[in-house]
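Biologist: I've got a new model open and I'd like to practise reading it feature by feature. Could you walk me through it?

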Amino acid sequence: MSASTSATEPSLKKVLGRIDVLALGFGAMIGFGWVVLTGGWLESAGTMGSVLAIVTGGAIMAVVGLTYAELCAAMPKAGGEHNYIIRALGPRPSFIGSWAIIGGYVTIVAFEAVALPRTVEYIVPNLSHVKLWTVAGFDVHLTWALVGALAAVVITWINIRGVKEAGLVQTFVVIFLVAIGLVMIAGAFTGGESANMSPWFTGGTSGFFAVLVVVPFLFIGFDVIPQSAEEVRIPALQIGKLVVLAVVMATIWYVMVVLTTSSAMPVGELAGADIATADAVGAMFGSGMMAKILIAGGIAGILTSWNSLLMGASRLLFSLARAGMLPSWFGRLHPTYGTPHNSLLFIGALSFLAPFFGEEMLGWLVDSGAPSIVLAYTLVGISFLVLRRREPSMERPLRIGGRGNAGVGIGVAAVVLGIGLFSLYMPGMPAQLTMEPWILFGLWWVIGLVFLARVPAGIPAGPLAEEQVLEASRNRRAR
């Protein structure tokens, strides 16, 4: 990028330290899914079947994370995927990859806005008053929906106030979440029984895949670290390493949840529980209060994931607008706080509306975002391979696998695994999506195609691609 361009483009403040960054990545991955999905995992695959699927999924995400780690260290700019793909493949593939990951982020932010009232209702049973309408058999009540909607306002406001404030909130909530994990481990040793963990395997291959296919949803968030790289005040090499560390930590967390939950109650009882993990903790300690404390941990997970992914999505929208691929409105920074407030308001508005569509929206959002997430990961893997071949001398503070074939093998594995995961969502496959998620998926990409038409064709990939797109955008506006 030229000196004149870099001098005039909006820039973000470097305020995040090492702990802030790790809390963002880990907290983004540990959302609400572990609270409500664990019972279903155990019913589908058994205790060790679930563990095996999660470890397999964690290994897949670690491979993908390694490609991110190298690219993030080499290009520590806001927008992550946008920067890697535009340099390797050009503007239009970059927009597709960026729009895909934004779609994944937005679906999970909206998921958390719906999950929050669902969780609070466990603690406050009489939460639902003033019926509004019915969606897919679920009666949506005003008081229920307002819990999620008002939380959307608060979290969006915190992020507008500044990334440092959002990072502090994230760190404190992650510490509380880790404390909940220690409570679960203590409960398993004092009140759990190994006999409850049987059957170890059930459901065969279909059971294994039933757990494996939720991996993109469970692990999305490590890539928030690259999104915020421009706001980090640590060496680029350390940023890349934190990406992989966050994935490892999330894998350990999910395995811990499965093992502790399965030790508490027989699988049949867990499958019929309202919120299986909370009921399991209540059973281990023989206390309804402990179940509610676990729910507080679930709320912490909601807030950490929500906060991180809101931050990540807004930085990607900001980066696309800065490159001229989206309207400049998305690229404006708050005059006082220096945050992309318009991008934050846009995503915050979507999360504000989500609870008004009811609880069935939870499953639809999980399923609709997963294919987009995998598409983005696959394009990053391809970009990793292209840049290794075309720009071998590019400065890489963190070179995965050294200069030999090991690094290329990691890139090939990331691409193959990404294609394999994407195929699982197709009709006739073990994790085929139902109609509603495909409708949400389609709507997101219809909007994306409208914006894609703004991206000029014919601009080659390379270090100057973003500057050329921006110049083309300026010329278009001048005409």
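Biologist: Let's begin with secondary structure. How many helices and strands does the protein chain have?

Modeller: Keep in mind that this is a predicted model. The chain comes to 21 helices and two strands.

Biologist: And the overall fold, what radius of gyration does the chain have?

Modeller: The trick is to compare it with what a compact globule would give. For 479 residues that would be near 23 Å, and the protein chain has 22 Å, so the two agree. Along the principal axes, the C-alpha trace spans about 65 × 55 × 45 Å.

Biologist: How do I read the contacts along the sequence?

Modeller: Look at how far apart the partners sit in the chain. Here, take contacts between residues at least 6 apart in sequence: 83% of them join residues at least 24 apart.

Biologist: What share of the residues counts as buried?

Modeller: That's 59% of the 479 residues. As for the surface, the chain exposes about 17,500 Å², with carbon and sulfur atoms supplying 68% of that.

Biologist: What about charges? How far apart are the mean positions of the positive and negative ones?

Modeller: There are 27 positive and 25 negative charges, and their mean positions lie 15 Å apart.

Biologist: Now the interior. Which residues touch the most other members of the largest nonpolar core?

Modeller: The general idea first: in soluble globular proteins, nonpolar side chains tend to be buried together. In this model the largest nonpolar core has 156 residues, and Trp-34 and Tyr-254 touch the most other members. Helix H7, residues 91-123, gives the most to this core, with 17 residues.

Biologist: Which residues is Tyr-254 in contact with, leaving aside its neighbours within four places in sequence?

Modeller: Its partners are Met-29, Ile-30, Gly-31, Trp-34, Trp-41, Ile-54, Leu-218 and Phe-219. So you meet Trp-34 again there.

Biologist: Last topic, the backbone. What should I look out for?

Modeller: Most residues other than glycine have a negative phi, and most peptide bonds are trans. With that in mind, check Ser-198 and Pro-199: a cis peptide bond joins them, with omega about 0 degrees. Pro-199 sits in the loop between helix H9 (163-191) and helix H10 (204-212).

Biologist: Where does Val-130 lie, and what is its phi near?

Modeller: Val-130 is in the loop between H7 and strand S1 (131-135). Its phi is near 65 degrees, positive in a residue other than glycine. Ala-136 also has a positive phi, about 55 degrees, without being a glycine. You'll find Ala-136 in the loop between S1 and strand S2 (138-141).

Key: Residues are numbered from 1 along each chain as its sequence is written. This is a predicted model: local features need pLDDT of at least 70, side-chain atom pairs count only at pLDDT 80 or more; totals for chains, interfaces and linings use all residues. Side-chain values use heavy atoms; hydrogens and water are left out. Helices (H or I, at least four residues) and strands (E, at least two) are DSSP runs, numbered from the N terminus. The radius of gyration is taken over C-alpha atoms; the globule rule is 2.2 Å times the number of residues to the power 0.38. Buried means under 20% relative accessible area, exposed over 50%, partly exposed in between (1.4 Å probe, protein chains only). Contact means heavy atoms within 4.5 Å. Accessible areas come from the Shrake-Rupley method with a 1.4 Å probe; for residues, only the protein chains shown count as cover. Lys and Arg count as positive and Asp and Glu as negative; His and the chain ends are not counted. The place of a charge is taken as NZ of Lys, CZ of Arg, CG of Asp or CD of Glu. A nonpolar core is a set of buried Ala, Val, Leu, Ile, Met, Phe, Trp, Tyr and Cys residues joined through side-chain atoms within 4.5 Å.
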